[in-house]
Amino acid sequence: MAGPGNLRAARYLRTTGQHAAIEPDAFTPGAYVLSIGGAEQSHVNLAHPEEIFYEYLRRIGHLVDLAAPEGRPVTALHLGAGALTLARYIQATRPGSVQYAVELERELLDFVLQQLPLPDGTDLHTVIGDARNSLADVGAGLRFDVVILDIFSGPEAPEHIACTEFYQEARARLAPEGVLIVNVGDEPALTLVRSQAAAMRRAMTDVAAFAEAGMFAGRYPGNIILAGTQTKWPEAWTAQLTARGPHPAKVLAGVDLDLLAG
């Protein structure tokens, strides 16, 4: 297992042909960084899993906080596992939650679980496969309080996932008050964000976008979080998410989202 001061651990990922590495965070004791192909992909604080370092993941965590009363266990489906940062966060803040994670790369999931063990008591079921192909059967019979999609890492995205039909299938797996949360990494033109906001609007009752305020001005590449609800977007959530940050934070919902989603 990786540990402070240890040499970096590495694993070859056969599906993508890249190398994954896990090494200690030089600035945060008890924390580790997962890199894939030389690029930082995830950050995990084993000592304090309730603390999330990456801004976009913190924003997703805030949405999970609002999806159910504080501390109440939830059912969560993670499409794209990474270093399981959000699964650790949910276990730390909502003990007793039942979680599923779908990951295409078997070697990555095995590597992460070996090097960065999950907190004691975590009820996480892992599935190796394509996110859409696995969606209908994962956790058969369960309806999820949150479905989190964290696969889009650039301006291009898998066509069979970046579409209204996929979001309709994801909605079918949600509990009546469940929330669909999608991380979209994009370039300044926000072409992918715009297409996905529009696609989600056709599948969900309401959709909001949550990000660092400058992202909506198209100044630089980054991440925008899309949240789909099955009822009208709660106005109180806009104020709460804006206040929670990371700052400066901005939420677009209703007519404010029209210019982005069309």
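This is a short walk through two sheets, one helix, two buried residues and the largest pocket of a predicted model.

Some ground rules come before the tour. The model is predicted, so local features need pLDDT of at least 70, side-chain atom pairs count only at pLDDT 80 or more, and totals for chains, interfaces and linings use all residues. Residues are numbered from 1 along each chain as its sequence is written, and side-chain values use heavy atoms, with hydrogens and water left out.

I will start with the sheet of four strands. It is open, its order is 1-2-3-4, and its pairing is antiparallel. Strands here are DSSP runs of E with at least two residues, helices are runs of H or I with at least four residues, and both are numbered from the N terminus. Two strands pair if DSSP finds at least two bridges between them. At the edges stand strand 1 (9–13) and strand 4, each pairing on one side only. From one strand to the next, the twist averages 20°. For angles in this talk, axes are lines fitted to C-alpha atoms, for helices over the stretch in contact, and the angles run from 0 to 180 degrees between N-to-C directions.

Now the pairs. Strand 1 and strand 2 (residues 18–24) run antiparallel and are joined by five bridges. Within this pair, Arg11 stands opposite Ala20, and Ala9 has Ile22 as its bridge partner. The two strands form a hairpin with four residues between them, and Gly17 in the turn has a positive phi of about 75°. Strand 2 also pairs with strand 3, again in the antiparallel sense over five bridges. There, Pro24 is opposite Tyr32 in strand 3. This hairpin has six residues between its strands, and Gly30 in the turn has a positive phi of about 85°.

What lies across strand 1, strand 2 and strand 3 (31–36)? Helix 3 (residues 106–115) does, running at about 165° to strand 1. Its buried residues are Glu107, Leu108, Leu109, Phe111, Val112 and Gln115. Buried means under 20% relative accessible area, exposed means over 50%, and partly exposed is in between, using a 1.4 Å probe and protein chains only. Those buried residues pack against strand 1, strand 2, strand 3, helix 2, strand 6 and strand 7. Contact, here and later, means heavy atoms within 4.5 Å.

Next, the sheet of eight strands. This one is open too, with the order 7-6-5-8-9-11-10-12 and mixed pairing. Strand 7 (123–128) and strand 12 (249–253) are at the edges with a single partner strand each, so one side of each has no neighbour in the sheet. The twist here averages 15° from one strand to the next. Strand 6 and strand 7 pair in the parallel sense over six bridges, and Gln99 stands opposite Leu124 in strand 7. Helix 5 (residues 164–172) lies across strand 5 (75–79), strand 8 and strand 9, at about 145° to strand 9.

Is Ile225 buried or exposed? Ile225, in strand 11, is buried, because its relative accessible area is 1%. Not counting residues up to four places away in sequence, Ile225 touches several residues, among them Tyr56, Leu63, Ile181 and Phe210.

Ala67 lies in helix 1. Ala67 counts as buried because its relative accessibility is 16%. Leaving aside neighbours within four places in sequence, its contacts are Val146, Val179 and Trp237. Ala67 and Val179 are 112 residues apart along the chain, and their C-alpha atoms are separated by 6.6 Å.

Last, the largest pocket. On a 1 Å grid over the protein atoms alone, a pocket is an open set of points where a 1.4 Å probe fits, with protein on both sides within 12 Å along at least five of seven lines; lining residues have an atom within 4 Å of a point. The largest pocket has a volume of about 1000 Å³, where volume is the space filled by probe spheres set on the points, and points are joined across faces, edges and corners. How many residues line this pocket? The lining has 46 residues, and Gln41, Asp150, Ile151, Phe152 and Ser153 lie nearest the centre. Elements that each supply at least two lining residues include strand 4 (39–45), helix 1 (55–67), strand 8 (144–152) and strand 11 (222–229).
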